Amino acid sequence: MHFGVVVAVLYCVQFSRELGESEVERIARMILEQPFYDLTTEEEYASIEAALVEDSWERDLSWQPHDEPSVRDFLRRLLEHLDALRPWQEPPFRALGLDRWEEYKRGTLLAHVRLDLPGRDPMHGRLRSVPGDEHELRALVLRLRSGDEVALVAPPLPGGYDAVLMAVRPHRPAATVIEAFLTHTAYPRERVSPAARRWWEGRSGGTLPPGVHPLRD
């Protein structure tokens with residue numbers, strides 16, 4: 001994976017005529033705020049560092065305009081800039097795996113979420129099919145900068161735009177977690193409807209994806 005981070009960096013600078021300090025700062029901010037492959041900053045840093053240790057890169061990089069010495073120099077300056085920004089803050093959000101999927105599927109219903117088109121909705125675009133799920137559900141598990149962990153769950157496309165936001169106990173109060181989700185993902189507030197906290201309050205602005213069975217208070 002370590003060279004994959006270098007390739008991701010090169011894709012981001014392939015149209016840059018020069019690899020100057022402005023590009024170093026731009027990519028550093030990207031690493032800190034929008035991690036490649038949902039890696040931690042330490043993992044991204046270590047991957048670039050490992051690539052620089054290699055004496056030669058036996059990869060075809062002819063698709064990008066910068067020669068290897070220029071790229072190596074850029075990566076060294078990038079690491080130096082990242083070092084200067086320590087201590088690193090957690091990114092606003094980072095995707096986790098689906099290892100705890102069954103817990104989220106039967107966790108706490110926080111809110112109903114009306115998704116936009118995948119190309120216009122960064123959260124929708126990150127949803128992935130849950131392997132082996134009989135209902136072909138799609139999900140995204142996030143760790144927010146606040147420390148809260150949530151799952152966005154939606155039915156399959158086409159038509160799967162009524163999603164839910166779930167949490168696993170123990171978690172902070174629902175309203176607090178929802179606010180953290182809105183803050184750190186910058187998701188449109190008007191698309192998120194807090195769920196009813198008691199069963200007798202009835203429906204609260206959305207339907208449940210098939211197979212999702214939340215805990216009841």
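**Exercise 1. Find out how confident the predictor is along this chain, and where its confidence drops.**

Solution. Start with the overall figures for this predicted model: the chain has a mean pLDDT of 90, and 94% of its residues reach 70 or more. Next, look for the weak spot: residues 199-204 have a pLDDT below 50. Finally, check what that stretch touches: beyond near neighbours in sequence, it has eight contacts in the model.

**Exercise 2. Describe the chain as a whole: its elements, its box and its burial.**

Solution. Begin by counting elements: you should find seven helices and seven strands. Then walk along the sequence, and the pattern reads α-α-α-α-β-α-β-α-β-β-β-β-α-β. For the dimensions, a box along the principal axes that holds the C-alpha atoms is roughly 65 × 35 × 30 Å. Of the 217 residues, 46% are buried. Turning to contacts with a separation of 6 or more, 70% of them link residues 24 or more positions apart. The exposed surface comes to about 11800 Å², with 51% of it supplied by carbon and sulfur atoms. To finish, take the charges: the chain has 27 positive and 35 negative ones, and their mean positions lie 8 Å apart.

**Exercise 3. Which residues of the largest nonpolar core touch the most other members, and which elements give two or more residues to this core?**

Solution. First, list the best-connected members of this 29-residue core: Ile48, Trp57, Phe74, Leu75, Leu78 and Leu82 touch the most other members. Second, assign the core to elements: helix 1 (2-13), helix 2 (21-33), helix 3 (41-53) and helix 4 (68-84) each give two or more residues. Helix 1 gives the largest share, seven residues. Third, zoom in on Leu82: leaving aside neighbours within four places in sequence, Leu82 contacts Ala28, Ile31, Leu32, Tyr45 and Trp88. Last, note that a separate core of 26 residues lies apart from this one, and includes Leu110, Val150, Tyr161 and Leu182.

**Exercise 4. Is Met123 buried or exposed, and what does it touch?**

Solution. Locate the residue first: Met123 sits in helix 6 (residues 122-126). Its relative accessible area is 0%, so Met123 is buried. Now for its partners: not counting residues up to four places away in sequence, Met123 touches Phe93, Leu140, Leu142, Leu152, Thr185 and Tyr187. Take Leu142 from that list: Leu142 is 19 residues from Met123 along the chain, and their C-alpha atoms are separated by 10.0 Å.

**Exercise 5. Where do the cis peptide bonds to Pro87 and Pro158 lie?**

Solution. Take Pro87 first. The bond joining Arg86 and Pro87 is cis, with omega about -5°, and Pro87 is in the loop between helix 4 and strand 1 (93-96). Now move on to Pro158. The Leu157 to Pro158 bond is cis with omega near -5°, and Pro158 belongs to the loop between strand 5 (149-154) and strand 6 (162-167).

**Exercise 6. Glu136 and Ala186 have a positive phi. Are these residues buried or exposed?**

Solution. Glu136, which is not a glycine, has a phi of about 55°. This residue is in the loop between strand 3 (128-129) and strand 4 (138-144). Exposed means over 50% relative accessible area, and Glu136 reaches 53%, so it counts as exposed. For Ala186, phi is near 60°, and the residue is in the loop between helix 7 (174-185) and strand 7 (192-194). With a relative accessible area of 64%, Ala186 is exposed too.

Conventions
Residues are numbered from 1 along each chain as its sequence is written. This is a predicted model: local features need pLDDT of at least 70, side-chain atom pairs count only at pLDDT 80 or more; totals for chains, interfaces and linings use all residues. Side-chain values use heavy atoms; hydrogens and water are left out. Helices (H or I, at least four residues) and strands (E, at least two) are DSSP runs, numbered from the N terminus. Contact means heavy atoms within 4.5 Å. A nonpolar core is a set of buried Ala, Val, Leu, Ile, Met, Phe, Trp, Tyr and Cys residues joined through side-chain atoms within 4.5 Å. Buried means under 20% relative accessible area, exposed over 50%, partly exposed in between (1.4 Å probe, protein chains only). pLDDT is the predictor's confidence in each residue, from 0 to 100. Accessible areas come from the Shrake-Rupley method with a 1.4 Å probe; for residues, only the protein chains shown count as cover. Lys and Arg count as positive and Asp and Glu as negative; His and the chain ends are not counted. The place of a charge is taken as NZ of Lys, CZ of Arg, CG of Asp or CD of Glu.
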